[in-house]
Amino acid sequence: MDRPPVAAGLGVNSMTAGESTGPDYTPGPLDRDAPLYVAGHRGLVGSAIWRQLEASGFSDLIGRSSSELDLKDRDAVFTFFEATKPKTVVLAAAKVGGILANSTYPVDFLSDNLRIQVNVLDAALAQNVQRVLFLGSSCIYPKLAPQPIKEEYLLTGHLEPTNDAYAIAKIAGILQIQSVRKQYGLPWISAMPTNLYGPGDNFSPKGSHVLPALIRRYDEARRDGIETVTNWGSGSPRREFLHVDDMAAACIHLLEHYDGPDQVNVGTGEDATIKEIAGIVASAVGYEGETEWDTSKPDGTPQKLLDVNKLRDAGWKPQIDLEAGIASTVEWYREHVDSVRT
């Protein structure tokens, strides 16, 4: 049976548009004993958020694996929300991948992410969940946006074509958050992280993002005595990287300190070239061979550095520097190489 749209049949606990907390809402400490649902709690971001929440004293965390709850199944999601009644929701679940995966499977990245978002957010609305944090991606911004990228640059230019389907899905999620705020007055918020890395990442040759792919490639080359590593592109694009534990800390901080309709950029405010990143990775794994660059492969966006002034104004800044973060991620990868996502 198909679930009817929220407005057409399920209602929002008899609340009408513009009610609830509205403009009078003031962020503050979350109730550590209230049920809090982390959608995607086993992924890179979700697992880090789960760890941070546990460390912060949250006692009623709710998580379901994809085998336990298919977020693309609307009826199942609504039934789950009706049974668990979370007071706060962090939507970290998504289908994600690197340039190759996004270019090869655009339908999957668009359709799966739209269904996940709409189902979770509609179900949260039906249960009148007071605080929702939707997590997107910095790929929502135009390919040639001025640098650093401010939140206001959203929808001001063409997207990077290698991941535009994923970006469109995330933009739709931001708009849904803004629409719920406008129509129902609920203090839901969005955060857009820069490139993330750390424990629990995807190290698959076909599905990983650039930094875990580099870690796997260089570590295998060191182990196998390969004299030359070849990376995609020219190495000249500049990228910003944030350790996932910092991202998790930022999420909790925003839930307790920020309210507003605009998405909040989450990053370090600093970037480096892919060549520089590769050099840091090679050093971290102990690789002493040569690096070559296959310029026949796409570079992607030339630069993607986020303006993080809104985040700093909310009182948060990262704590883990890039070299230390990469070194600890290499250590984690080696300890879990037999069980990581490959």
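Modeller: Helices here are DSSP runs of H or I with at least four residues, strands are DSSP runs of E with at least two, and both are numbered from the N terminus. It's a predicted model: local features need pLDDT of at least 70, side-chain atom pairs count only at pLDDT 80 or more, and totals for chains, interfaces and linings use all residues. Residue numbers start from 1 along each chain as its sequence is written, and side-chain values use heavy atoms, leaving out hydrogens and water.

Biologist: OK, where is asparagine 128 found, and what is its phi?

Modeller: Asparagine 128 is in the loop between helix 5 and strand 4. Its phi is near 55°, a positive value in a residue other than glycine. Leucine 155 isn't a glycine either and has a positive phi of about 65°; that one is in the loop between strand 4 and helix 6. Proline 148 is found in the loop between strand 4 and helix 6 too, and the peptide bond leading to it from glutamine 147 is cis, with omega near -10°.

Biologist: How do you know that strand 4 and strand 5 pair?

Modeller: Two strands pair if DSSP finds at least two bridges between them. Strand 4 (residues 131-135) and strand 5 (residues 189-193) have three bridges, in the parallel sense, and therefore count as paired. Leucine 135 stands opposite alanine 191 of strand 5.

Biologist: What makes strand 2 and strand 10 edge strands?

Modeller: The open sheet has six strands in the order 2-1-3-4-5-10, with parallel pairing. Strand 2 (61-62) and strand 10 (264-266) each pair on one side only. Helix 2 (residues 44-55) packs on this sheet, in contact (heavy atoms within 4.5 Å) with strands 1, 2, 3 and 4. Its direction makes about 155° with that of strand 1; axes are lines fitted to C-alpha atoms, for helices over the stretch in contact, and angles run from 0 to 180 degrees between N-to-C directions.

Biologist: What makes the span of helix 6 close to the one expected?

Modeller: The expected span is 1.5 Å times one less than the number of residues. Helix 6 (residues 164-184) has 21 residues and reaches 30 Å from its first C-alpha to its last, close to the expected 30 Å. Just after helix 6, glycine 185 has a positive phi of about 75°.

Biologist: And how many bridges join strand 8 to strand 11?

Modeller: Two, between strands that run antiparallel, which meets the pairing minimum. Arginine 238 has threonine 273 in strand 11 as its bridge partner.

Biologist: Why is the lining of the second largest pocket split into six nonpolar, two polar and five charged residues?

Modeller: Because Ala, Val, Leu, Ile, Met, Phe, Trp, Tyr, Cys and Pro count as nonpolar, Asp, Glu, Lys and Arg as charged, and the others, Gly among them, as polar. The second largest pocket is lined by 13 residues, and among those nearest its centre are Phe241 and Asp321. A pocket is an open set of points on a 1 Å grid over the protein atoms alone, where a 1.4 Å probe fits, with protein on both sides within 12 Å along at least five of seven lines; lining residues have an atom within 4 Å of a point.
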